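This report describes a protein chain for a reader who has its sequence and structure at hand. Please keep both in view while reading.

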Amino acid sequence: MSEELVSQISKALSRSENQISFAITLMEHLVVPTFVLDADQNVLIWNRACERLTDIPAAEVVGTRNHWRAFYEEPRPCLADLVATSSLEQISDLYTVSDDPSDPSFGVHAENWCWMPRRRQHLYLAIDAGPVFDESGKLIAVVETLRDTTERHIAQTKVQEQASILKAHFDEQERETELARRILDHQIRSDLMQQAGVKYSVIPASNFSGDMVLAARSPSGRLYAILADATGHGLSAAVSVLPMVQEFYRLVELSSPLSTVIESINFLLANSLPLGRFVAAAFVTLDEAAKEGEIWVGGVPDVLMFDSAGRLERRIASSNLPLGIVKTSEGVQGIEHFNWVDARQLLLISDGIVEACNADDVAFGDEQLIHVVEHRAPGVELTDALQQALQHHLKGCSAHDDMSMLVIDCPANSN
């Protein structure tokens, strides 16, 4: 370091010769690229790390105001210049990112892409500049440090771009999901469900349920009901059961026999579902005036019949293939007929209920299901009792499959 430079630093910082020498040596060996300007914006120090960053030796810039040449093709102020001239209002125009310089005495921070003429490349620099004052409060120097954060900035930019792309995809998926949900909900006639007088619950494992409950009355008053469970869950499963909805309502309106309803829906699904997709289901029809009914079960758990005291009276087990597997009517002939005198209740469920596992991997099970029904408190709806029991069993765990239930009353004579 030249005596002239030492003299300049000594005058600017008002330090003893030993202190100045120590400060200069320390500054020169900092691993962080650093340069120092005096109050007139002349370069006092250009340390070795700054030489490596800019490929410009200290001899070219010390004692000059040409430090801008390290970062730009044309003259423009560096952050240290803005601090030295109290021109921080320009910071937002000159730098891509900057802190609010409301109290510049503590230093200011900015970031920007810089074209390094000597290196012939762009670098993204994080820059900090802070003023140095003498004991009287007069500005005597400005220290600027620089950090090459190009790789981190590029990586961060890519992450932000990917995040934006993912958000756009997510938003689009949400819009499509909402549209699909509206379409599916629109297919099911809630007014007909209410007129049918059944109790039901469908708890999806995801946004969409592959389980579906339908009920309606024919013009003669006969009750028709289905609990359907498509393979899998989610939107693909929900779409699998969609074709049967309008066909079901059409056949009910025609007062079709149960065998015709099953055969027609099976044929429709067999010709519309892709290979490997099918729909397990249970069908019920009731003629409440004649106290007789029919049940068909294909692939779902047993339909359970309970007497007026809530005790299990009969099981109607699955004796048929699920719908959509074969196109012929061979697999849809096993219709069970039944009669009643005193009041009865039918319970139809999907396998998601009995297979619902808690954190200990213990399934809800058929035995617990029957226990809940037979021991529910007086006046508590069967669907409510089962939902409460399932919540208690799962204890906050998510079900891995859709859970649905349908309760159909077989009323006693009114006289």
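## A helix with many buried residues

Helix α10 covers residues 243-253, and its buried residues are M244, V245, E247, F248, Y249, L251 and V252. An α-helix has 3.6 residues a turn, so residues three or four places apart point the same way. After α10 comes S255, a residue with a positive phi near 55 degrees.

The model that contains this helix is predicted.

## The chain as a whole

The chain has 415 residues, of which 46% are buried. Its secondary structure consists of 14 helices and 16 strands. The area that the chain exposes is about 21500 Å², and carbon and sulfur atoms supply 51% of this area.

Contacts also link parts of the chain that are separated in sequence. Of the contacts between residues at least 6 apart in sequence, 59% join residues at least 24 apart.

## The five-stranded sheet

In what order do the strands of the five-stranded open sheet stand? The order is β7-β16-β15-β12-β13, and the pairing is antiparallel. At the edges are β7 (199-203) and β13 (312-316), each of which pairs on one side only. On average, neighbouring strands in this sheet are turned by 15 degrees against each other, with direction ignored.

One pairing can be followed in detail. Strand β12, made of residues 303-306, pairs with β13 in the antiparallel sense, and the two share four bridges. In this part of the sheet, L304 stands opposite R315 of β13.

## A helix across the sheet

Helix α14 (residues 382-394) lies across three strands, namely β7, β15 (344-349) and β16 (403-410). Relative to β16, the helix runs at about 155 degrees.

Strand β7 contains S201. Is S201 buried or exposed? The residue counts as buried because its relative accessible area is 8%, and the cut-off for buried is under 20%. The side chain of S201 makes a polar contact of 3.1 Å with the side chain of Q387. Apart from residues up to four places away in sequence, S201 touches Q387, M403, S404 and M405.

## The six-stranded sheet

Another open sheet has six strands in the order β2-β1-β6-β5-β4-β3, and its pairing is antiparallel. Strands β2 (43-46) and β3 (97-98) stand at the edges; each has a single partner strand, so one side of each is left without a neighbour in the sheet.

At one of these edges, β3 is joined by two bridges to strand β4 (residues 108-116), and the two strands run antiparallel. The bridge partner of V97 in β4 is E111.

## Nonpolar cores

In soluble globular proteins, nonpolar side chains tend to be buried together. In this model, the largest nonpolar core contains 34 residues. The residues with the most contacts inside this core are F35, W46, F71, L79, Y95, L125 and L146. Helix α5 (residues 79-84) contributes five residues, the largest share of the core. A second, separate core has 27 residues, including A230, I265, W296 and I335.

Which residues are in contact with Y95, once its neighbours within four places in sequence are left aside? They are Y72, R76, P77, C78, L79, L82, A110, E111, N112 and I127.

## Exposed residues in loops

The loop between α12 (351-354) and α13 (365-374) contains D360, and D361 lies in this loop as well. D360 counts as exposed because its relative accessibility is 65%, where exposed means over 50%. For D361 the relative accessibility is 62%, so this residue also counts as exposed. D361 has a positive phi of about 65 degrees, although it is not a glycine. Between D360 and L394 there is a separation of 34 residues in sequence, and their C-alpha atoms are 9.4 Å apart in space.

K395 is found in the loop between α14 and β16. Why does K395 count as exposed? The reason is its relative accessibility of 68%, because exposed means over 50%. The phi of K395 is positive, at about 50 degrees, although the residue is not a glycine.

How values were computed. Residues are numbered from 1 along each chain as its sequence is written. This is a predicted model: local features need pLDDT of at least 70, side-chain atom pairs count only at pLDDT 80 or more; totals for chains, interfaces and linings use all residues. Side-chain values use heavy atoms; hydrogens and water are left out. Buried means under 20% relative accessible area, exposed over 50%, partly exposed in between (1.4 Å probe, protein chains only). Two strands pair if DSSP finds at least two bridges between them. Axes are lines fitted to C-alpha atoms, for helices over the stretch in contact, and angles run from 0 to 180 degrees between N-to-C directions. Contact means heavy atoms within 4.5 Å. A nonpolar core is a set of buried Ala, Val, Leu, Ile, Met, Phe, Trp, Tyr and Cys residues joined through side-chain atoms within 4.5 Å. A polar contact is a pair of N or O atoms within 3.5 Å; within protein, one must be able to donate a hydrogen and the other to accept it, and residues adjacent in sequence count only if both atoms are side-chain atoms. Accessible areas come from the Shrake-Rupley method with a 1.4 Å probe; for residues, only the protein chains shown count as cover.
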